[in-house]
Amino acid sequence: MLVEEAVRSAIRNGAEEAEGFEISMRRISLSVEKGILKTASSTRETGLGVRAVIGKKLGIAFATNPLDGHFVGKRAFINAKASPEDPNFHSLPDPHEVAPLDCILDPKIRDAEVEDASSLFMESIEAAKISPSVVSVSGMFDLIYSEVSIFSSRGVDVKESRTSYHIFLEVSAKDGDRRGSGFNFSDGRKLDSLDPERLGREAGEIAIRSLDSMKIGVEELPVIFKPKSLPGIIPFIIDEAANAENLQYGRSFLTGRLSTQVAREEVSLIDDGRIPWLIGSSSFDDEGIPKSRTAVIDNGIFRSPIYNWYAAKRDGRESTGNASRDYKRAPSISANNVLLHAPKLEMSEDELMDVSRGILVLYTGDTPNLATGEFSGMAETAFLIERGEVKKSLRQTGIAFTIEDALKGLEGVGRDIEPAGSYYGGSIRIRARVSGPG
Amino acid sequence: MSAGLELGADFIELREERSLSTIIRVVDGVIRELSSGDELRISVRTLYNGGWGFSVAGSEEELDIALKESFKMAKLSSNWSSKFEVDWPSFKGGYEVLGREPAWEVPLERKISILMEQHKIASSIKGVKNTNIHLVDSLKETRVINSLGTDTRQKISRVRISSYIFAHESGITEAAFESKGGLGGIEIIEGTEVAEKAAKRAVEALSAVPAPPGKHRAILDPKLAGVFIHEAFGHAAEGDAVLNDESILAGMMGKSVGAPSINVSDDPTIEGLYGSYRYDDEGTEARKKYIVKGGVLSGYLTNLEVSKKLGIEPTGNARSMDFSNPPEVRMSNTFIEAGDWSFEEMLSEVKEGIYAIGSLYGYTDPAKGQFMFKAEGGWLIEKGELKKRLREVAITGMTLEVLHNVEAIGKELSHDPGSCGKKHQWVPVTTGSPHIMVSGIVFGGR
């Protein structure tokens, strides 16, 4: 096997430890422009990366082609030789017992033909055309089947097949001089969890609703974030702020806050890499460590960072199964699936929207500042709420708050739980500074 | 080519790409990542009745299978209603930029010492808590041939160093980012000041206060103004968005979009810049073009298909992230050309406002015509002087309004390397601008 051959080559050349990471991927990808299928692509690729260790010196080599394990292993050794020592390096990961997770391979995706993908995607595209004012629907749809193998001289030997789908739609609407745009996206490991008609229709509805727009001025308002506006905000708290490396180097606003209160006591934030069919789920992480459940914020208290092997050993802890990598790079740390758990703050949609004046945010592309925890971004798709009713869409509207204020002042959490990127939770309502030109 | 034409394809394009790259990351003076690799693939793109098919071969031996797969994909995408005539110009030629000292020939030890030196400089500055220095160099050899006779070869060495520095004092942490890169050899980054600049800005930001939210008259520094024009206009001028009715600039050609003093161009031919190339990923020869000239919308960016459909000459803006992805319409080096104001003149003209500096990122919604770009920080201007240091802040604007609000353009143009994302593909670009003075943009501070 390629990955074994590469590891053995690194050892044969003089490395004391070596680890190989191999990923083979079959991807069907469709692209639609202006409502018409534009490009279909089908690719199969394999990437191999090897980490070699000499004492406390580490080197990595990678290749897609030629896939020569001997060469890649040797190159990793040469790179390790050239590298200065890393005093914080402990070892490559130890082998662990991995309990296989069933719900990560969907035969429908694995065996999909491009025609199957096309008919599903076009159903979504057609559903977005809800009005003559919809002038364009564009999007991408990917079906991926991948096989991951990790093998090391320390005894790690795991492999797994996984599937995933990723769909994204953008809708443009025009009515005279009025312009609107809508979007929708979904990803997961099981095709049946995708409702193509609903996905398209919702994107079309957002575009039409945003034709009527207005600008507001500077106000302090309740802001309701729908789940699809939150992948860059809530998971960030685990992915970046509670990332052990960022804490160890003092980059995060949560540095020095372990065991202190950082959120309302009703609020817990959990990383869980074993939830069936979610995009961040798999049996093991990218170092072969079993994925697990980590209560990062437990009843308002910051309880645990997330770790890969390197950062865990540096803190004298065990990895939490959050190593993440592509074959070219060293493993980093990232969240699996991030759950917001706050049953005492749960609200119905009517209760969440019950504000005299506020903002409903459907999408923002922004993330908080890691060092300060401040969020300052654009509400790309947002609507004004007056007396509980959704009114006109907002243009050129900024939103600003701090993560800690948001977590401590969280007013409510919706029951509209859905996966959105690595976020798995409902809408939230907080108070924030809103700024526009009006 | 002949096998593809026999299958019935209207157009075939093969892109062979070999890439050698090195990635080195130094954190607090310790090597955390030293990686190098070798990649080779041949992508096969076919066109049939208006639909594109795309596949990838690992070697020449796999080309036949990839061709058939690509054609199968093209047939699935085909649609008689979107069929168009394939009569693009063809291009032949070669281009090579390796620099004085090609980066892949430089021993790893020397590259490491450059990074360590940057760490040393940054960490010697009082208040610096954490240094992150990152080097990526690549040598990419590309050959594009197509069924119309195009045959271009390009060998480009690209180098970029970046520094991300965190400073800490009395419970406050701030960070700043700086990078330098271009086409050429290791000489591009030797003697760079990226770590020092980022460290000083991070320390300076420790005393920063939130920006006052709302509409302000502002001066944008060249980094920020470069991202501003990239997001505000560049994306909206991408011809595919125009063609698909997804850009607010559709139907605006020849119309006034800004003050007569404003010229915005996209030019991949500038020697040595990070977003430069001679031939794009369809083999089209690159050229300079104006997006805005004298305040008037004067050009869209295109690939072969979009140029045909818009009835304009191909602009050489088809770019892909790598062999795994088909080319899309993308920017290269996009910038506002120099004007005649000094920074001091702008300051005294603004009197009360904000001097926004450093760019973190930006994005746009070209359909609605709104965009956002994030400043690393800034200064409050009072009585024509820089008074209080400001924290990171988001700035929003509307594409069809902002250039009319540009009141002054500085004398000195400078460029900044970056990475631009579209359809999950990231490509190297350069943003650029002199200082500009703008009224009525909205700051989203607390």
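The following paragraphs describe how chain A and chain B meet in a predicted model, and then turn to selected residues and strands of the two chains.

The interface between the chains is considered at the outset. The size of an interface is often given as the accessible area lost when the parts come together. For chain A and chain B this buried area comes to about 7,100 Å², and carbon and sulfur atoms give 48% of it. Within chain A, the residues that lose the most area to chain B are Lys38(A), Arg179(A) and Gln396(A), which together give 9% of what that side buries. Counted by residues, 85 of chain A are in contact with 88 of chain B.

Charged and polar groups also meet across this interface. The rule finds 12 salt bridges between chain A and chain B, and one of them joins Lys328(A) to Glu39(B), with the closest N and O atoms 3.1 Å apart. In addition, 57 residue pairs are found in polar contact across the interface, both residues being at pLDDT 80 or more. Strand β2 of chain A, which covers residues 36–54, supplies the largest share of the side of chain A that touches chain B, namely 11 residues. When the residues on that side of chain A are sorted by class, 29 are nonpolar, 32 are polar and 24 are charged.

Strand pairing, too, extends from one chain to the other. Strand β2(A) is joined by four bridges to strand β3 of chain B (residues 51–57), and the two strands run parallel; here Ser41(A) stands opposite Phe54(B). Strand β3 of chain A (residues 57–63) is likewise joined to β2(B) by four bridges in a parallel arrangement, and in this pairing Phe62(A) stands opposite Gly37(B).

Strand β2 of chain B, spanning residues 30–48, is mostly covered, since 17 of its 19 residues are buried. Besides its pairing with chain A, β2(B) has partners within its own chain. With strand β1 of chain B (residues 11–27) it pairs in the antiparallel sense over 17 bridges, and Arg15(B) stands opposite Ser43(B) in this pair. The two strands β1(B) and β2(B) form a hairpin with two residues between them, and in the turn Asp28(B) has a positive phi of about 50°. With β3(B), strand β2(B) again pairs in the antiparallel sense, in this case over seven bridges, and Tyr48(B) has Gly51(B) as its bridge partner. The hairpin of β2(B) and β3(B) also has two residues between the strands, and there Asn49(B) takes a positive phi near 45°.

Elsewhere in chain B, six strands form an open sheet of mixed pairing, in the order β11-β10-β9-β14-β21-β20. The edge strands of this sheet are β11 (296–297) and β20 (414–422), each of which pairs on one side only. Strand β20(B) is paired with β21 of chain B (residues 425–433) in the antiparallel sense over nine bridges, with Ser414(B) and Ser433(B) as bridge partners.

In chain A, attention falls on strand β8, which covers residues 219–225. Six of its seven residues are buried, so β8(A) is largely enclosed by the rest of the structure. This strand pairs with β24(A) in the antiparallel sense over seven bridges, and Glu219(A) has Val434(A) as its bridge partner there. Three bridges also join β8(A) to strand β16 of chain A (residues 357–363), with the strands running parallel, and in this pairing Val223(A) stands opposite Ile359(A).

Two residues of chain A may be examined in more detail. Ser435(A) lies in strand β24 of chain A (residues 428–435) and is buried, with a relative accessible area of 0%. The side chain of Ser435(A) reaches the backbone oxygen of Phe443(B) at 3.3 Å, and the residues in contact with Ser435(A), its neighbours within four places in sequence being left aside, come from both chains, including Gln396(A), Thr397(A), Pro213(B) and Gly444(B). Thr397(A), for its part, is found in the loop between β19 (389–394) and β20 (398–402) of chain A, and Thr397(A) is also buried, with a relative accessible area of 0%. A polar atom of its side chain lies 3.0 Å from the backbone oxygen of Arg395(A). With neighbours within four places in sequence again left aside, the contacts of Thr397(A) include Ile359(A), Met378(A), Val434(A), Ser435(A) and, from chain B, Thr396(B).

Notes
Residues numbered from 1 in each chain as written. Chains lettered and ligands numbered in written order. Predicted model: local features only at pLDDT ≥ 70, side-chain atom pairs only at ≥ 80, totals over all residues. Heavy atoms only, no water. Contact = heavy atoms within 4.5 Å. Buried area = accessible area lost by both parts, 1.4 Å probe. Salt bridge = Lys/Arg side-chain N within 4 Å of Asp/Glu carboxyl O. Polar contact = N/O pair within 3.5 Å; in protein donor to acceptor, adjacent residues only side chain to side chain. Nonpolar A, V, L, I, M, F, W, Y, C, P; charged D, E, K, R; others polar. Pairing = 2+ DSSP bridges. Buried < 20%, exposed > 50% of the residue type's maximum accessible area, 1.4 Å probe, protein only.
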